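Biologist: Please take a close look at helix packing and at the empty space beside it. I would like the contacts, the linings and the criteria behind each term.

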Amino acid sequence: MMNKQLILVKRPVGMPDASTWKLETQAIPALEDGQVLIQQHYISLDPAMRGWLNDAKSYIPPVGIGEVMRAGSVGQIIAANNHPTLAIGDYVSGNGGVQQYVISEGKGWFKVDPTLASLPTYIGTLGMPGQTAYHGLLDVGKAKAGETIVVSGAAGAVGSVVGQIAKIKGCKVVGIAGGPQNTKYLLEELGFDGAIDYKNEDVKAGLKRECPEGIDVYFDNVGGEILNIALSRLRFKARVVICGAVSQYNNTTPIVGPSNYLSLLVNRATMEGMVVFDYAKSYGSAAREMATWMKEGKLKTREDVYEGIENFYETFLRLFSGDKQGKLVLKVLED
């Protein structure tokens, strides 16, 4: 059997180009005792992937040159050699990377049930994006009923779940997204109370319109000038959750930081970064609660699925163009 793998061959400056990676085909070696062979079905594409390409100190080591590109994934075990807990036929999710097959001893992989939710959902709302939204909003943002929540990147995998959880918790929710199709999605499908189209209107004016009394929790996925504007609208004791800064990931110049940071002082507000791995012990309980909300129809999930490992780069670019809704997924299983 042969395995197609996407290998990192150079570190990009600015926006990665197609030559950042190369697609290789390798023979799959025989399993050693205690190993399983996972045939991967879907790969998760996330803005964090851009940060993993940089050889810089971060919350996780960078992808090494010559290594398979890191990515969350979901698939099925098709071979096993005396593994104590995993068997042929089991569906599992983990960090298998951008490749069609992965050999593992099982560490970091957990079983999923495709009869309860579609496989892409396990790398979306019931995976790391959903966990990020849940813990970022409730544990870091400490959102409470009656508060006004603003989320940027609101039509994406994390932002769309943040807004829905905030609504479930009784909050007023305003989303910032790009383009009329995305703002319509927020308002008509996800039930947001307001939406701001950063591509076609002034964000400052939009926040003033949608949040006349200010912001209690700002959940930031984009950074840059939108973060700066949001800081100017904070209420007393507001909380700012720094989840990502997709607008800055491909900069070739210094990162744009907030000049309005003194708003934190004036309003006695806080700004805190969050990394989902810090909440690993609570993944199970959070997933069960989100699954219940989904069953009850309170939490909707959407996966934007594209096909073919050969199309990784074109799909990856959608993370930065905003040309997607919900969770961006690449199907690598060949029919």
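Modeller: The account below begins with helix 2 and its partners, then turns to the pocket, the cavities and one further helix pair.

This is a predicted model, in which local features need pLDDT of at least 70 and side-chain atom pairs count only at pLDDT 80 or more, while totals for chains, interfaces and linings use all residues. Residues are numbered from 1 along each chain as its sequence is written, and side-chain values use heavy atoms, with hydrogens and water left out. Helices (H or I, at least four residues) and strands (E, at least two) are DSSP runs, numbered from the N terminus.

Helix 2 covers residues 128-140, and helix 3 covers residues 157-168. Their axes come within 8 Å and cross at roughly 45°; axes are lines fitted to C-alpha atoms, for helices over the stretch in contact, and angles run from 0 to 180 degrees between N-to-C directions. Helix 2 is therefore oblique to helix 3, given that angles under 35 degrees count as roughly parallel, over 145 as roughly antiparallel, 65 to 115 as roughly perpendicular and the rest as oblique. The crossing of helix 2 with helix 3 is right-handed, a term for the near helix being turned clockwise from the far one by less than a right angle, whereas anticlockwise is left-handed. On the helix 2 side, P129, G130, T132, A133, Y134, L137 and L138 make the contact (heavy atoms within 4.5 Å). They meet A157, V158, V161, V162, I165 and A166 of helix 3. By class, this contact has 11 nonpolar, 2 polar and no charged residues; Ala, Val, Leu, Ile, Met, Phe, Trp, Tyr, Cys and Pro count as nonpolar, Asp, Glu, Lys and Arg as charged, and the others, Gly among them, as polar.

Helix 2 also packs against helix 8, with axes that come within 10 Å and cross at roughly 95°. Helix 2 and helix 8 are therefore roughly perpendicular to each other. Here M128, G130, Q131, Y134 and H135 of helix 2 touch Y283, A286, A287, E289, M290 and W293 of helix 8. The residues of this contact divide into 7 nonpolar, 3 polar and 1 charged.

Helix 2 and helix 8 (283-295), together with strand 7 (110-112), each supply at least two residues of the lining of the second largest pocket. On a 1 Å grid over the protein atoms alone, a pocket is an open set of points with protein on both sides within 12 Å along at least five of seven lines, a cavity is a set where a 1.4 Å probe fits but cannot get out, and lining residues have an atom within 4 Å of a point. This pocket has a volume of about 360 Å³; grid points are joined across faces, edges and corners, and a volume is the space filled by probe spheres set on the points. Of its 18 lining residues, V112, Y122, L126, A287 and A291 lie nearest the centre. Helix 8 gives the most to this lining, with 7 residues, and the lining as a whole comprises 11 nonpolar, 4 polar and 3 charged residues.

The structure also holds 2 cavities of 30 Å³ or more. The largest cavity, of about 60 Å³, is lined by 13 residues, with T125, A157, S160, V161 and R302 closest to its centre. Helix 3 gives the most to that lining, with 4 residues. The classes there are 4 nonpolar, 6 polar and 3 charged. The second largest cavity holds about 30 Å³ of space and is lined by G51, W52, N54, A56, S58, I60, P61 and P62.

Finally, the axes of helix 5 (residues 203-210) and helix 6 (residues 224-231) come within 10 Å and cross at roughly 40°. Helix 5 and helix 6 are therefore oblique to each other.
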